[in-house]
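Please look through the model below with its charged side chains in mind. The paragraphs after it take up the salt bridges one at a time.

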Amino acid sequence: MKFFNNMKLRLSIGLMALVMVFTACEDPDKAPIVTFDSAGHGIYPRLISEDGALLVNLLTETDFNSSNYSYTVEFVDDNAGQNVAEVYVEVVYNPVGGSAQAAVEVTRVGASALTASENGFLQTTFDVSSTAITSAIGLGYADFAAGDEFQLSTVIVHVDGTEYRSTNSSSSVRGAAFRGGRFAFTRPLACPSALEGTYSYATTDIWCGGADVTGTVELQALGGGRYQFDDWAFGAYGPCYGGGGASGDLTFTDVCEVVSFTGFTDSFGDTWTYTSSISGEEWTIAWDNTYGESATSVITFPGGVPFTLAP
């Protein structure tokens, strides 16, 4: 009986496979692979290379003015890019605390200025540095804050007058299959932050009367300038509980070298309070929580603490 059932199963699978093959052959329009021909005959900007960083560094005005970014694209259509009449880049300034402004043109290139790429299409390079953008929108360094964005769009004008941009192009030509059609992208305004690492600490005044503790703590980056210590009790749980550490939503945020505490609840639901100061290489944090735990911990940053504290 088992042999018979297995034979029926194999015959059924074989017939299903044949039906699938014949069905696929009968309907070529259902091909699973998207090609440029099947995607249509518009134009899209294929990213060839880029130089610089998308992040606009707000740390100092010099850093801001040096925040360069350029990108080279080739224009893909069914005529090797010859259908491009002109192409331009526009920017929308979106401030973190306000409303997005109207789009403003940053740069424009006519067909006569395009050159041939190695792939046989026409290409060009766009400069969308911070200074090029601010010149276009009429603002300067003092007008910006961390969290603002420059939202950029590449717009291609076809010889028939049609404009191709992100909003009227299919998702397929904007994705990885077409090497990242460079229609729309963002240059965020912020400050680079790299505080993660291992630091020494010394903890005193421990609430349970335990002995002073020294050791190392791991400072972990959560992204976007947010950080957490892997033990916010800085070793104090050792003499009081025999081991363990404090974790949860206990964080601080570094915004352009100004640090603020931003997370105050531990994994047990208790609320923490911090009072801190900086002197030379030492960041002193006096902490306590609603469970009755408290201590004073000094974290050492070799070479000096690389930030100030928010008022």
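What follows is a walk through salt bridges in this structure, which is a predicted model.

The structure holds five salt bridges in total, and a good place to begin is the pair formed by E74 and R46, whose side chains meet with a nitrogen-to-oxygen distance of 2.7 Å. Because E74 belongs to strand β3, which covers residues 69-76, while R46 belongs to strand β1, which covers residues 44-52, this pair ties together parts that are 28 residues apart in sequence. E74 counts as buried because its relative accessibility is 0%, where buried means under 20%, and R46, at 14% relative accessibility, counts as buried as well.

A second pair joins R165 to E90, and here the closest N and O atoms are 2.7 Å apart. R165 sits in the loop between β9 (163-164) and α5 (171-174), whereas E90 is part of strand β4 (residues 84-94), so this salt bridge ties together parts that are 75 residues apart in sequence. With a relative accessibility of 15%, E90 counts as buried.

The salt bridge between E105 and R108 has its closest N and O atoms 2.6 Å apart. E105 counts as partly exposed because its relative accessibility is 37%, which lies between the limits of 20% for buried and 50% for exposed, and R108 is likewise partly exposed, with a relative accessible area of 37%. These two residues do not stand alone, since E86, E105 and R108 are linked in a network of salt bridges.

How values were computed. Residues numbered from 1 in each chain as written. Predicted model: local features only at pLDDT ≥ 70, side-chain atom pairs only at ≥ 80, totals over all residues. Heavy atoms only, no water. Salt bridge = Lys/Arg side-chain N within 4 Å of Asp/Glu carboxyl O. Helix = DSSP H or I, 4+ residues; strand = E, 2+ residues; numbered from the N terminus. Buried < 20%, exposed > 50% of the residue type's maximum accessible area, 1.4 Å probe, protein only.
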